[in-house]
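Biologist: Could you walk me through how to read a fold like this one? I'd like the general idea each time, and then the case at hand.

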Amino acid sequence: MTSDPGLDARISAAVSAGGIADITTIGRKTGLPRRKEIFFHNFDGVLYIGGRPGFPRDWIANLRANADFTLHLKRGVAADLPARAEVIGDPVLRRRILYRMMTESWNMPADKAAADVDRWERTSPLVRFELV
């Protein structure tokens with residue numbers, strides 16, 4: 001949720017805009033906090049974290065083991081926000097959201113995105129999250 005009345009206006013605007021932030025997950029093997037820079041997206045009021053295809057990421061493995069994490073806003077406004085992730089497995093939804101990431105957030109030309117979306121759907125990390 002991005003319009004939480006408990007968030008001040010600057011934090012709410014930063015979350016609504018999406019962009020670069022850090023996340024802290026809990027290591028699935030060590031139980032220790034792990035901080036990583038990511039790009040998060042807001043599409044129609046729903047928050048997502050995704051990534052390029054082709055290689056495994058510890059952050060998504062950690063979120064599969066423990067869905068709770070902290071979103072650290074750091075550009076323009078600083079805030080540490082508790083959040084909870086849900087890994088998206090539905091291929092139709094994955095395809096739709098990843099295509100939007102490719103074209104809307106990363107400015108990939110539509111024809112290139114259309115040609116690559118199958119590979120992205122098969123091998124890219126993707127979670128939906130909400131602030132808690």
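Modeller: We'll go from the sheet to the helices and then to the charged pairs. Keep in mind that this is a predicted model.

Biologist: Let's start with the sheet. How many strands are in the barrel, and in which order do they run?

Modeller: To read a barrel, follow the pairing from strand to strand. Here 6 strands form a closed barrel in the order β1-β2-β3-β6-β5-β4, with antiparallel pairing. On average, neighbouring strands are turned by 45° against each other, ignoring direction.

Biologist: Which strands is β1 joined to, and by how many bridges?

Modeller: Take one partner at a time. β1, residues 19-26, runs antiparallel to β4, residues 68-73, and 4 bridges join the two. With β2 it has 8 bridges, and that pair is antiparallel as well.

Biologist: Which residues stand opposite each other there?

Modeller: On the β4 side, Ile23 faces Leu71, and Asp22 is opposite His72. On the β2 side, Gly19 is set opposite Phe40. A general point helps when you look at such neighbours: side chains in a regular strand alternate between the two faces of the sheet.

Biologist: Is β1 mostly enclosed or open?

Modeller: Count the buried residues. In β1 that is 6 of the 8, so the strand is largely enclosed by the rest of the structure.

Biologist: What about the turn from β1 to β2? Which residue there has a positive phi?

Modeller: In a hairpin, look at the backbone angles between the strands. This one has 6 residues between β1 and β2, and Gly31 takes a positive phi near 75°.

Biologist: On to the helices. Which strands does each one lie across, and at what angle to β2?

Modeller: Pick a reference strand and compare the axes. Helix α1, residues 9-17, lies across β1, β2, β3, β4, β5 and β6, at about 80° to β2. Helix α3, residues 91-105, lies across β2, β3 and β6, at about 85° to β2.

Biologist: How do I check the length of α3 against what it should span?

Modeller: Use a rise of 1.5 Å a residue. For the 15 residues of α3 that gives 21 Å, and the end C-alpha atoms are 20 Å apart, which agrees. Just after α3, Asn107 takes a positive phi of about 55°.

Biologist: Which residues of α3 are buried, and what do they pack against?

Modeller: Start from the helix repeat. With 3.6 residues a turn, residues three or four places apart point the same way. In α3 the buried residues are Leu93, Arg94, Ile97, Leu98, Arg100, Met101, Met102 and Thr103. The buried residues of this helix pack against β2, β3, α4 and β6.

Biologist: There's an arginine in that list. How is Arg100 classed, and what does it touch?

Modeller: Check the accessible area against the cut-off: buried means under 20%. Arg100 has a relative accessible area of 18%, so it counts as buried. Apart from neighbours within four places in sequence, Arg100 is in contact with Phe43, Asp44 and Ser105.

Biologist: Now the charges. How many salt bridges does the structure hold?

Modeller: There are 11 in the structure. For each pair, ask where the partners sit and how exposed they are. One of them joins the side chains of Asp22 and Lys74, at 2.8 Å from N to O. The pair links distant parts of the chain, with Asp22 in β1 and Lys74 in the loop between β4 and β5, 52 residues apart. Asp22 is buried at 10% relative accessible area, while Lys74 is partly exposed at 35%.

Biologist: And which residue does Arg28 pair with?

Modeller: Arg28 pairs with Asp58, with the closest N and O atoms 3.8 Å apart. Arg28 is in the loop between β1 and β2 and Asp58 is in helix α2, so the pair ties together parts 30 residues apart in sequence. Arg28 is partly exposed at 39%, and Asp58 is exposed at 54%.

Biologist: Which salt bridge connects α3 to α4?

Modeller: That's Asp118 with Arg95, whose closest N and O atoms are 2.1 Å apart. Asp118 is in helix α4 and Arg95 in helix α3, 23 residues apart. Asp118 is partly exposed at 40%, and Arg95 is partly exposed at 35%.

Biologist: Which residues are joined into a network by shared partners?

Modeller: Asp22, Arg35, Glu37 and Lys74 are joined into one network by salt bridges that share partners.

Key. Residues are numbered from 1 along each chain as its sequence is written. This is a predicted model: local features need pLDDT of at least 70, side-chain atom pairs count only at pLDDT 80 or more; totals for chains, interfaces and linings use all residues. Side-chain values use heavy atoms; hydrogens and water are left out. Two strands pair if DSSP finds at least two bridges between them. Helices (H or I, at least four residues) and strands (E, at least two) are DSSP runs, numbered from the N terminus. Axes are lines fitted to C-alpha atoms, for helices over the stretch in contact, and angles run from 0 to 180 degrees between N-to-C directions. Contact means heavy atoms within 4.5 Å. Buried means under 20% relative accessible area, exposed over 50%, partly exposed in between (1.4 Å probe, protein chains only). The expected span of a helix is 1.5 Å times one less than its number of residues. A salt bridge is a side-chain nitrogen of Lys or Arg within 4 Å of a carboxyl oxygen of Asp or Glu.
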